[in-house]
Amino acid sequence: MKQVEVSGKSVEEALEKALKELNLTKDRVNFKVLEEGSKGFLNFIGTKPARILVDIKPTSLELGIDFLKSVLNEMGISTELIVEETDDIVKINITGKDVKYAIGYRGETLNSLQYLTSIVVNKDEKTSYKRVILNAENYREKREKTLENLALKTAYKVKKYGRSYKLEPMQSYERRIIHATLQNDLEVTTTSEGVEPFRRVLISLKK
């Protein structure tokens with residue numbers, strides 16, 4: 001947490017000075033009065049300035065990053081985080097030699113970390129919602145390509161054998177990839193069936 005010590009003729013003046021220097025609003029800081037200050041005799045002799053210690057509150061995103069780092073550390077995973085933030089999306093890429101442990105089987109660990117980090121980042125209801133996308137060594141891109149290929153191969157089998165096929169249970173974003181890959185196919189249709197976390201995609205011939 002960043003701290004700065006500021007002085008002024010009064011506590012109020014010192015705080016205003018600190019907010020101006022830091023370019024922050026009052027709700028973004030905490031402060032502790034180190035010395036109240038005094039006007040002295042006749043407002044001149046023995047005058048003492050007021051001194052305050054100002055702490056800058058971490059943002060919701062900073063709290064989310066710290067949370068993710070602490071979880072990875074507790075898991076014994078040595079990694080580095082690369083953060084890219086736009087207006088409503090936060091992309092966090094996990095890199096390092098132990099990154100495979102942060103991904104888990106078919107991305108299950110990565111999805112869980114993404115969900116938990118998103119909760120922390122969006123905990124403050126006063127701030128606008130940010131979508132958190134957690135990636136690790138381009139796993140998301142590789143997984144998307146794998147799902148696209150799976151969709152096309154399964155659609156081929158549906159057309160060849162004239163029967164429907166159910167895919168394995170998937171996360172909602174993975175099911176969306178299957179639906180999007182086959183949405184323009186003139187011969188097959190896709191629907192999602194079941195209850196989370198066992199919801200899966202059914203690929204069938206169009207009637």
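A residue counts as buried when its relative accessible area is under 20%. Keep that cut-off in mind as we walk through this structure, which is a predicted model.

Let's begin with helix α6, which covers residues 172–182. Its buried residues are Tyr173, Glu174, Arg175, Ile177, Ile178 and Leu182. So what covers the buried residues of α6? The cover includes two helices, α4 (108–121) and α5 (139–161), along with the strands β8 (188–193) and β9 (200–205).

Take α5 from that group and look at how it sits against α6. The two helices pack at an angle of about 50°, and their axes are 9 Å apart. Because of that angle, α5 is oblique to α6. The crossing of α5 past α6 is right-handed. On the α5 side, the contact is made by Arg140, Arg143, Glu144, Leu147, Glu148, Ala151, Leu152 and Ala155. On the α6 side, Tyr173, Glu174, Ile177, Ile178, Thr181 and Leu182 take part. Sort the residues of this contact by class and you get 8 nonpolar, 1 polar and 5 charged.

Now try a second pair of helices, α2 and α4. These pack at an angle of about 145°, with 8 Å between their axes. Here too, α2 passes α4 in a right-handed crossing. Ser60, Leu61, Leu63, Gly64, Phe67, Leu68, Val71 and Leu72 of α2 meet Leu113, Leu116, Thr117, Val120 and Val121 of α4. In this contact there are 10 nonpolar and 3 polar residues, and no charged ones.

Thr117, one of the α4 residues in that contact, deserves a closer look. Is Thr117 buried or exposed? Its relative accessible area is 1%, so it counts as buried. Leaving out neighbours within four places in sequence, Thr117 is in contact with Gly64, Phe67, Leu68, Ile92 and Val132.

Next, the nonpolar cores. The largest one has 18 residues, and the members that touch the most others are Leu68, Leu72, Ile92, Ile94, Leu110, Leu134 and Ala136. Which elements each supply at least two residues of this core? They are α2 (60–74), β5 (89–95), α3 (99–103), α4 and β6 (131–136). The largest share, 4 residues, comes from α2. If you want one residue to follow, pick Ile94: not counting residues up to four places away in sequence, its contacts include Leu72, Val99, Ala102, Leu110, Leu134 and Ala136. There is also a second, separate core of 14 residues, with Ala155, Tyr165, Ile178 and Ile203 among them.

Let's finish around β8 with two residues. Val188 lies in strand β8 itself. With a relative accessibility of 1%, Val188 counts as buried. Setting aside residues up to four places away in sequence, Val188 touches Ala155, Val158, Lys159, Leu182, Ile203, Ser204, Leu205 and Lys206. Val188 and Lys206 are 18 residues apart in sequence, and their C-alpha atoms are 5.0 Å apart in space.

Phe198 is found in the loop between β8 and β9. Is Phe198 buried or exposed? Its relative accessibility is 59%, so Phe198 counts as exposed. With residues up to four places away in sequence left out, Phe198 touches Pro169 and Glu193. The C-alpha atoms of Phe198 and Lys145 are separated by 22 Å, and these two residues are 53 apart along the chain.

Definitions and conventions:
Residues numbered from 1 in each chain as written. Predicted model: local features only at pLDDT ≥ 70, side-chain atom pairs only at ≥ 80, totals over all residues. Heavy atoms only, no water. Buried < 20%, exposed > 50% of the residue type's maximum accessible area, 1.4 Å probe, protein only. Contact = heavy atoms within 4.5 Å. Core = buried A, V, L, I, M, F, W, Y, C linked by side-chain atoms within 4.5 Å. Axes fitted to C-alpha atoms, helices over the stretch in contact; angles between N-to-C directions. Parallel < 35°, antiparallel > 145°, perpendicular 65-115°, else oblique. Left-handed = near helix turned anticlockwise from the far one by under 90°. Nonpolar A, V, L, I, M, F, W, Y, C, P; charged D, E, K, R; others polar.
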